[in-house]
Amino acid sequence: MEATQAKMYARLGYRRIIKTPACIERLPNETLMNIFDHCNVMKTEIRQDHDIYPCSVLQRNTMLAITHTCFRWRQVALSTPTLWTHIDIDPDHYYLIRYALRCVKLSNPAPIIVYFRPSAKGGDLRRSLGVAFEDASRVRKPVINGYWKP
């Protein structure tokens with residue numbers, strides 16, 4: 001069967017596909033880091049306060065896709081602190097607080113920018129502020145977005 005298929009491909013002008021690494025697999029880690037950094041919308045797309053939440057969602061989804069593509073991409077992304085420096089904290093969602101805490105740890109020792117929204121639903125402010133300022137010496141810029149009710 002394979003011989004017949006090979007003859008047919010030869011007649012049609014097809015070449016046998018040789019298993020070689022894809023071009024992206026040959027890129028150096030530094031180039032991958034730069035590509036991943038350009039995918040970080042929290043660094044590039046926030047122009048106004050109302051851009052923070054959509055960019056935060058997109059950033060989480062992008063980093064999830066990058067870290068779940070292959071083992072090498074995961075290793076490169078998790079070992080690049082600058083990818084995790086823009087941290088959005090939403091006290092109304094426990095899983096987002098956990099994600100923010102993970103970002104604080106992954107971004108060490110780089111300076112971080114923290115975007116904080118006050119709770120609209122009575123979320124755990126103390127815990128979320130604790131995450132935001134867990135390593136307060138690294139907070140380069142705190143951004144508080146929303147309305148405070150006394």
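A polar contact here is a pair of N or O atoms within 3.5 Å; within protein, one must be able to donate a hydrogen and the other to accept it, and residues adjacent in sequence count only if both atoms are side-chain atoms. The model is a predicted one, with local features needing pLDDT of at least 70 and side-chain atom pairs counting only at pLDDT 80 or more, while totals for chains, interfaces and linings use all residues. Residues are numbered from 1 along each chain as its sequence is written, and side-chain values use heavy atoms, with hydrogens and water left out.

Histidine 86 makes one such polar contact, side chain to side chain with threonine 85, at 3.2 Å. Histidine 86 sits in strand E1 (residues 86–89); strands (E, at least two residues) and helices (H or I, at least four) are DSSP runs, numbered from the N terminus. With 10% relative accessibility, histidine 86 counts as buried (under 20% relative accessible area; exposed is over 50%, partly exposed in between; 1.4 Å probe, protein chains only). Beyond its neighbours within four places in sequence, histidine 86 is in contact (heavy atoms within 4.5 Å) with Met42, Lys43, Gln59, Ile113 and Tyr115.

As for the sheet, it is open, with three strands in the order E1-E2-E3 and parallel pairing (two strands pair if DSSP finds at least two bridges between them). E1 and E3 (139–144) are at the edges with a single partner strand each, so each has one side without a neighbour in the sheet. Five bridges link E2 (residues 112–116) to E3 in the parallel sense. Valine 114 has proline 142 in E3 as its bridge partner.
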